[in-house]
Amino acid sequence: MQTFTLGDFEISRITEWHGSFAPVSVLFPSIPADAWQRHQTWLDAHFWDAATGDYLAHMQTWVLRGQGRTILVDTGLGNDKPRVHGLLANRDGDFLHRLAAIGVRPEDVDTVVNTHLHTDHVGWNTRLENGEWAPTFPNAQYLMHKADFDYWNPANNIPRKSDFGDPADSRAGFDDSVLPVHRAGQALLWEGDEHSIAAGLSLQLAPGHTPGSTVLKLHSGTDRAFFVGDLIHTPLQFLTPDHDTCLSEDQRQAARSRRRMLEEAADTNALIIPAHLGGAGGAEVVRKGETFTIKQWAPLTAPAANPGRPVRLT
């Protein structure tokens with residue numbers, strides 16, 4: 001079981017899938033090829049496959065339990081979802097069994113945080129019941145920023161800026177994993193720069209990857225953690241935050257949001273926990289001039305086995 005304690009909260013990682021995703025040359029076009037080679041000794045195996053040049057992705061959900069609350073941060077890929085790409089399409093995974101293994105039933109969850117509304121972050125928002133998409137977590141409030149809801153809503157016909165992936169998957173993800181939650185009255189579309197969830201728990205807008213990308217901030221006792229979603233994909237972005245992925249809708253804005261978050265994390269000694277990072281899952285950073293360096297890794301080990309087939313998107 002992938003669990004550690006932070007203040008009053010127990011933090012658990014539920015890995016739905018991990019494996020080769022796409023070449024780093026495609027995903028991170030501005031990172032020089034030799035940067036991966038220079039850091040090969042610690043990137044290889046957990047974050048990057050040196051033999052193939054592929055980025056190693058983790059589709060995972062973070063579970064926060066404490067102060068009488070059970071909170072999920074992002075909900076992964078989901079089952080039975082009609083998608084174009086093989087990794088996403090018509091899955092039959094054991095995500096709910098993995099939740100049950102740490103003692104969490106769907107009805108126990110009171111809050112779901114969607115850091116943004118990309119398809120791989122909302123899949124378990126819903127599940128198929130009698131041929132209809134229904135909220136997986138019947139007692140939960142689903143938090144999503146209104147800017148993302150409006151941007152990805154097919155009814156608004158807003159053109160995507162990133163050309164990675166298939167637009168059909170974005171439309172389908174909204175229709176089967178976001179809209180049913182909203183129709184059920186369980187979605188809170190928050191607006192502005194910050195939203196308070198409870199004492200020591202808040203959301204902060206960090207736009208760029210998507211217009212409504214957010215960071216969940218946890219402050220418990222003397223401990224702090226930032227769940228940053230897709231603000232960071234590779235540990236190289238800890239070191240050089242100006243590099244972004246081709247997945248972002250606004251790469252320059254994403255870089256600005258990432259730098260602000262890293263500066264705050266360094267100043268407050270906060271643990272940074274990205275959505276897709278393998279290995280220990282997160283790290284603390286310190287300033288190093290205009291960049292940063294990794295102070296220490298999160299207290300987790302890498303998942304022992306791949307729970308999904310290795311499907312490459314490109």
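Hi everyone. Let's start at one residue, Gln186, which is found in the loop between helix H7 and strand E10, residues 187-190. Is Gln186 buried or exposed? Gln186 is buried, with a relative accessible area of 14%. Its side chain reaches the backbone oxygen of Ala140 at 2.9 Å. Leaving aside neighbours within four places in sequence, the contacts of Gln186 include Pro135, Phe137, Pro138, Asn139 and Tyr142.

Before going on, a word about what you are looking at: this is a predicted model. The protein chain averages a pLDDT of 94, and 96% of the residues score at least 70. Over residues 305-314, though, the pLDDT is below 50, even though this stretch has 33 contacts in the model beyond near neighbours in sequence. Where pLDDT is low, the predicted coordinates should not be read in detail.

What does the record say? In an unreviewed entry, UniProt lists residues 58-276 as "domain: Metallo-beta-lactamase". Over residues 58-276 the chain is 24% helix and 28% strand. The C-alpha atoms at the two ends of that range are 5 Å apart.

Now to a lysine. Lys81 lies in the loop between strand E5 and helix H4. How accessible is Lys81? Its relative accessible area is 0%, so Lys81 counts as buried. What does its side chain meet there? One polar contact goes to the side chain of Thr126, at 3.1 Å. Another goes to the side chain of Ser177, at 2.7 Å. Beyond its neighbours within four places in sequence, Lys81 is in contact with residues including Leu88, Asn90, Gly123, Trp133 and Asp176.

Two of those partners take us to helix H6, residues 167-177. Asp176 and Ser177 are among the buried residues of H6, along with Asp169, Ser170, Ala172, Gly173 and Phe174. What covers the buried residues of H6? The cover includes strand E7 (126-129), strand E8 (132-135), helix H5 (146-152) and helix H7 (179-183). At the start of H6, a side-chain oxygen of Asp166 comes to within 2.8 Å of the backbone nitrogen of Ala168.

E7 and E8 deserve a closer look. These strands pair in the antiparallel sense over 4 bridges, and Leu128 has Trp133 in E8 as its bridge partner. That is the Trp133 we just met as a contact of Lys81. E7 and E8 form a hairpin with 2 residues between them, and Asn130 in the turn has a positive phi of about 55°.

There is another hairpin further along. Strand E16, residues 283-288, and strand E17, residues 291-297, pair in the antiparallel sense over 6 bridges. Lys288 has Thr291 in E17 as its bridge partner. This hairpin has 2 residues between the strands, and Gly289 takes a positive phi near 65°.

Speaking of phi, most residues other than glycine have a negative value. Where do we find positive ones in loops? Ala45 has a phi near 90° and sits in the loop between helix H3 (40-43) and strand E3 (48-49). Asp74 has a phi near 65° and lies in the loop between strand E5 (69-73) and helix H4 (95-101). Their surroundings are worth setting side by side: Ala45 is exposed, with a relative accessible area of 59%, whereas Asp74 is buried, at 2%.

Let's turn to the nonpolar part. In soluble globular proteins, nonpolar side chains tend to be buried together. Which residues of the largest nonpolar core here touch the most other members? Of its 41 residues, they are Phe21, Leu27, Trp36, Phe238, Met261, Leu262 and Ile272. Helix H9, residues 251-268, gives the largest share of this core, 4 residues. Take Met261 as an example: apart from neighbours within four places in sequence, Met261 is in contact with Phe226, Val228, Leu231, Ile232 and Ile272.

My last stop is His39, in the loop between helix H2 (33-38) and H3. Setting aside neighbours within four places in sequence, His39 is in contact with Leu236 and Leu239. How far is His39 from Tyr151? The two are 112 residues apart in sequence and 37 Å apart in space, C-alpha to C-alpha.

That's my tour. Thanks for listening, and I'm happy to go back to any stop.

Conventions
Residues numbered from 1 in each chain as written. Predicted model: local features only at pLDDT ≥ 70, side-chain atom pairs only at ≥ 80, totals over all residues. Heavy atoms only, no water. UniProt positions renumbered as here; feature names shortened; annotations may be inferred. pLDDT = per-residue confidence, 0-100. Contact = heavy atoms within 4.5 Å. Core = buried A, V, L, I, M, F, W, Y, C linked by side-chain atoms within 4.5 Å. Buried < 20%, exposed > 50% of the residue type's maximum accessible area, 1.4 Å probe, protein only. Polar contact = N/O pair within 3.5 Å; in protein donor to acceptor, adjacent residues only side chain to side chain. Pairing = 2+ DSSP bridges.
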